[in-house]
Amino acid sequence: MMLKLRHALALEHASAAAGLDGRRAAAVVCVAEAWLALHQKSGARGFATGGTRAPSKNASSSSSSPPPPRVTYASMARDALDAHMPALLGAGGLALRCRARLCAAKARLWTSEDVAALREDRASIFAPLEDAAAWARLCGAAEAEAEAHYLRATTYDALGERAPRNEAAREWRRCERRAREARGARSRGGSETPPTRLSRRR
């Protein structure tokens, strides 16, 4: 993963210097995906990766200044995507935009420390997940669409919103069935089945 990150950072720098907006957009998404993978691997805590952070034993309830925000791999992915999202949405194809919006939602989830922060950030989570699901559907990428709906369902569940959770769960099951059917057709030698994953070259 570190090798992928180094290559993606080098590509992003070279593309920026050459003015290749499309290639730079793809590199930024690769960097964000690598940082999010490293965040998971590191066991860093966050709302969707292990629960809330326990308060420090030395923290004073009367302190007037909040602690500085933690810098994690997820927060770096979030900041990079926030900075480049207009270019990503303008220069990338559907598959790249879908990957970018999935990463943006994950980064927000994994930098939300508790349910209160999740509620505050809900627009920054649900909007990209809905975009990602719609674009994955257009690409025929059932697995990516399923992941977007799964994240929607688990987030609604955490917020205690049962009706939208159930709707997202139904969509997730539908996409999972499509993905299984496509995998089964490919294993039987079917050559006309649509892709279920997003191509990294788009």
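Helix α7 is mostly covered, with 13 of its 18 residues buried (buried means under 20% relative accessible area, exposed over 50% and partly exposed in between, with a 1.4 Å probe and protein chains only). Helices (H or I, at least four residues) and strands (E, at least two) are DSSP runs, numbered from the N terminus. The model is predicted, so that local features need pLDDT of at least 70 and side-chain atom pairs count only at pLDDT 80 or more, while totals for chains, interfaces and linings use all residues. Residues are numbered from 1 along each chain as its sequence is written, and side-chain values use heavy atoms, with hydrogens and water left out.

The length of α7 fits its residue count: its 18 residues reach 26 Å from the first C-alpha to the last, close to the 26 Å expected at 1.5 Å a residue (the expected span is 1.5 Å times one less than the number of residues). Just after α7, Gly160 takes a positive phi of about 75 degrees. Helix α7 (142-159) is also part of what covers the buried residues of α8. Those buried residues of α8 are Ala168, Ala169, Cys175, Ala179, Ala182, Gly184 and Ala185. Helix α8 itself (residues 162-187) has 26 residues that should span 38 Å at 1.5 Å a residue, and the 37 Å between its end C-alpha atoms agrees with this. Here too a glycine with positive phi follows the helix: Gly189 comes after α8, with a phi near 95 degrees.

Stepping back to the whole chain, the protein has eight helices and zero strands, and along the sequence the pattern reads α-α-α-α-α-α-α-α. Of its 202 residues, 39% count as buried. Among contacts (heavy atoms within 4.5 Å) with a separation of 6 or more, 69% are between residues 24 or more positions apart.

Two helix pairs can now be looked at in detail. Two packed helices are described by the angle between their axes and the distance between the axes. Axes are lines fitted to C-alpha atoms, for helices over the stretch in contact, and angles run from 0 to 180 degrees between N-to-C directions. In the first pair, helix α2 (residues 21-42) packs with helix α3 (residues 73-91) at an angle of about 155 degrees, and the axes are 9 Å apart. That makes α2 roughly antiparallel to α3 (angles under 35 degrees count as roughly parallel, over 145 as roughly antiparallel, 65 to 115 as roughly perpendicular and the rest as oblique). The crossing of α2 past α3 is left-handed, a term used if the near helix is turned anticlockwise from the far one by less than a right angle, with right-handed used if clockwise. Residues of α2 that meet α3 include Val28, Val29, Ala32, Trp35 and Leu36, while those on the α3 side include Tyr73, Met76, Ala80, Leu81 and Leu88. By class, this contact of α2 with α3 has 15 nonpolar, four polar and two charged residues. Here Ala, Val, Leu, Ile, Met, Phe, Trp, Tyr, Cys and Pro count as nonpolar, Asp, Glu, Lys and Arg as charged, and the others, Gly among them, as polar.

Helix α3 also holds Ser75, which counts as buried at 3% relative accessibility. Leaving aside residues up to four places away in sequence, Ser75 touches Arg70 and Thr111.

The second pair involves helix α4 (residues 94-110), whose 17 residues reach 24 Å from first C-alpha to last, close to the 24 Å expected at 1.5 Å a residue. Because 15 of these 17 residues are buried, α4 is largely enclosed by the rest of the structure. One residue in α4 is Leu96, buried with a relative accessible area of 2%. The C-alpha atoms of Leu96 and Val29 are separated by 7.6 Å, although these residues lie 67 residues apart along the chain.

The axes of α4 and helix α6 (residues 122-139) come within 8 Å and cross at roughly 155 degrees. That makes α4 roughly antiparallel to α6, and α4 passes α6 in a left-handed crossing. The contact includes Leu94, Cys98, Arg101, Leu102 and Leu109 of α4, together with residues of α6 including Ile125, Leu129, Asp131, Trp135 and Leu138. The residues in this contact of α4 with α6 divide into 16 nonpolar, one polar and four charged.

Asp121 lies in the loop between α5 (115-120) and α6. Its C-alpha atom is separated by 8.4 Å from that of Leu109, twelve residues away along the chain. Not counting residues up to four places away in sequence, Asp121 touches Arg108 and Ser112.
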